[in-house]
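Here are a few notes to read alongside the model. Take them in any order you like.

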Amino acid sequence: MNISDQTVRKAIKIAAVVFTSPATVEVAGGLYPEWAWYARLPIQIAGLVLIEGALLLGWHQLDNNDRAEPEERWLYTAITALAYAALLYISVLHEGWQGWVFRLTLAAVIGYSVVESGIVASIADKRRADRSADSSRQVKRERRKLERETRKLELQSEHKLLRLEVQLRERARADELQKEYERHSKKLQKEHRQQLQVLEAGESTQSRQDTLLRGNPRYPVERLNSEKRLTREQRLERLLEYANSNPELQPSEVVEWARSQFGVAESTAWSYWSELKSELAPALHSNGNGHR
C-alpha cells in the first residue's frame, strides 16, 4: 500500500465518522428527552465514542494488520460489522431511508477492507511459503499444533513415570515395614520362649522347695532368695536347726534342702553336713531307719 492509498483510506474513515456522527449524537440524546442539554451531553459523547470508535477500531485493524491470524481478522470483521449495523439502525431512526444511500456506500468500503485483508494475508503467506516453507502460516500453525501434541504426550509420560516412582517407593516402604515386623515378631517370640523357660524352671525349683519345706514353716518360700546372701556360719546354723527339727529325714534329704535353700552345689551341701555331723541329733547319725 503506497502513501496515496493510505491517505485516501484515512480520508474515507474521517468522512464516514463526520457523516454518521450527527445522527448518532441526536439518537443518543433522544434517549432522555426530559433531561437538560448539559445532562444529555455526556450520554451523547459516550454514544458517539462507543459506536464510531468500534467502527474505526475494527476497520483500522483490517486495513493495517497484515500479520493478523485468520481468527483475529474474523474478530475485526465482527466488530466492524456490529458497529455498522448500529449506524444503519440509527440512520433509519433519524434519517429515514434516504440515509441508506450513504450507508450502502460505507458498507461497500468496509466490505472492500474485509476482503482485501483476507486476500493480502493470503498473498503474503504464499510469498513467505515461496521463500521458505517453514515461513508459511499453515506450516507454522501445523508446527505449533504438533508441538502442543508432543508436549501433551511428554506431560502424560512424566505423570506416568512420577506415579510409577511413587508406587515403587510405597512398595519398597511396605517391604521394609514387613521385614521390620518379621524381625520384631521373631524377637518377641524368642523373648517369650525364654520367659516360658524361666517360668518353667522357677516352677520346678518352687515345687522342690515346697516339698523340702513342707515340714518347716519357719522358712517360707518368699525368703529363699534372701538365703543366698547368708554367710557360711549362718548357713551352717540354719542347716543344723533344720536337721535337728526334722530328725526323721535322711541325710540326702537334708543335703537337698541345703542345696535348694542356699543355692549351692551338692558337694558344698555335703561339706556342710560333714561339719555339722557331730552336732546333729542322735537319730540323724543312724542310717535312716533309727539304727546307728
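How exposed is arginine 173: buried, partly exposed or exposed?

1. Arginine 173 comes out as partly exposed, because its relative accessible area is 46%, and partly exposed covers the range between 20% and 50%. Bear in mind throughout that this is a predicted model.

2. Now for its partner. Arginine 173 and glutamate 176 meet through their side chains in a salt bridge, at 3.8 Å from N to O. The two sit about one helical turn from each other, because they are three residues apart in helix H5. Glutamate 176 also counts as partly exposed, at 48% relative accessibility.

3. Helix H5 (residues 137–213) holds another such pair, arginine 151 and glutamate 154, again three residues apart, or about one turn of the helix. Their salt bridge has its closest N and O atoms 3.1 Å apart. Arginine 151 is partly exposed at 39% relative accessibility, and glutamate 154 is partly exposed with a relative accessible area of 37%.

4. The whole structure has nine salt bridges. One of them joins aspartate 63 to lysine 13, with the closest N and O atoms 2.6 Å apart. Here the pair ties together distant parts of the chain: aspartate 63 belongs to helix H2 and lysine 13 to helix H1, 50 residues apart. Both of these residues are buried. Look for Arg9 as well, since Arg9, Lys13 and Asp63 are linked in a network of salt bridges.

5. Stay with helix H1 (residues 3–29) for a moment, where you'll find serine 21. Serine 21 counts as buried because its relative accessible area is 13%, under the 20% cut-off. A polar atom of the serine 21 side chain lies 2.3 Å from the backbone oxygen of valine 17. Leaving aside residues up to four places away in sequence, serine 21 touches Leu48 and Glu52.

6. On the surface, Trp37, Tyr38, Leu41, Ile45 and Val49 make a nonpolar patch of about 590 Å². Tyrosine 38 is in helix H2 (residues 37–64). Tyrosine 38 is exposed, with a relative accessible area of 59%.

7. Finally, the inside. The largest nonpolar core has 17 residues, and Leu239, Val254, Trp257, Ala258, Phe262 and Tyr272 have the most contacts inside it. At least two residues of this core come from each of helix H7 (232–245), helix H8 (251–262) and helix H9 (266–276). Another core, of ten residues, lies apart from it, and includes Ile51, Leu55, Tyr84 and Leu88.

How values were computed: Residues are numbered from 1 along each chain as its sequence is written. This is a predicted model: local features need pLDDT of at least 70, side-chain atom pairs count only at pLDDT 80 or more; totals for chains, interfaces and linings use all residues. Side-chain values use heavy atoms; hydrogens and water are left out. Helices (H or I, at least four residues) and strands (E, at least two) are DSSP runs, numbered from the N terminus. Buried means under 20% relative accessible area, exposed over 50%, partly exposed in between (1.4 Å probe, protein chains only). A polar contact is a pair of N or O atoms within 3.5 Å; within protein, one must be able to donate a hydrogen and the other to accept it, and residues adjacent in sequence count only if both atoms are side-chain atoms. Contact means heavy atoms within 4.5 Å. Patches are made of residues with over 30% relative accessible area and no salt bridge: like charges are joined within 9 Å, nonpolar side chains (Val, Leu, Ile, Met, Phe, Trp, Tyr) within 5 Å. Accessible areas come from the Shrake-Rupley method with a 1.4 Å probe; for residues, only the protein chains shown count as cover. A salt bridge is a side-chain nitrogen of Lys or Arg within 4 Å of a carboxyl oxygen of Asp or Glu. A nonpolar core is a set of buried Ala, Val, Leu, Ile, Met, Phe, Trp, Tyr and Cys residues joined through side-chain atoms within 4.5 Å.
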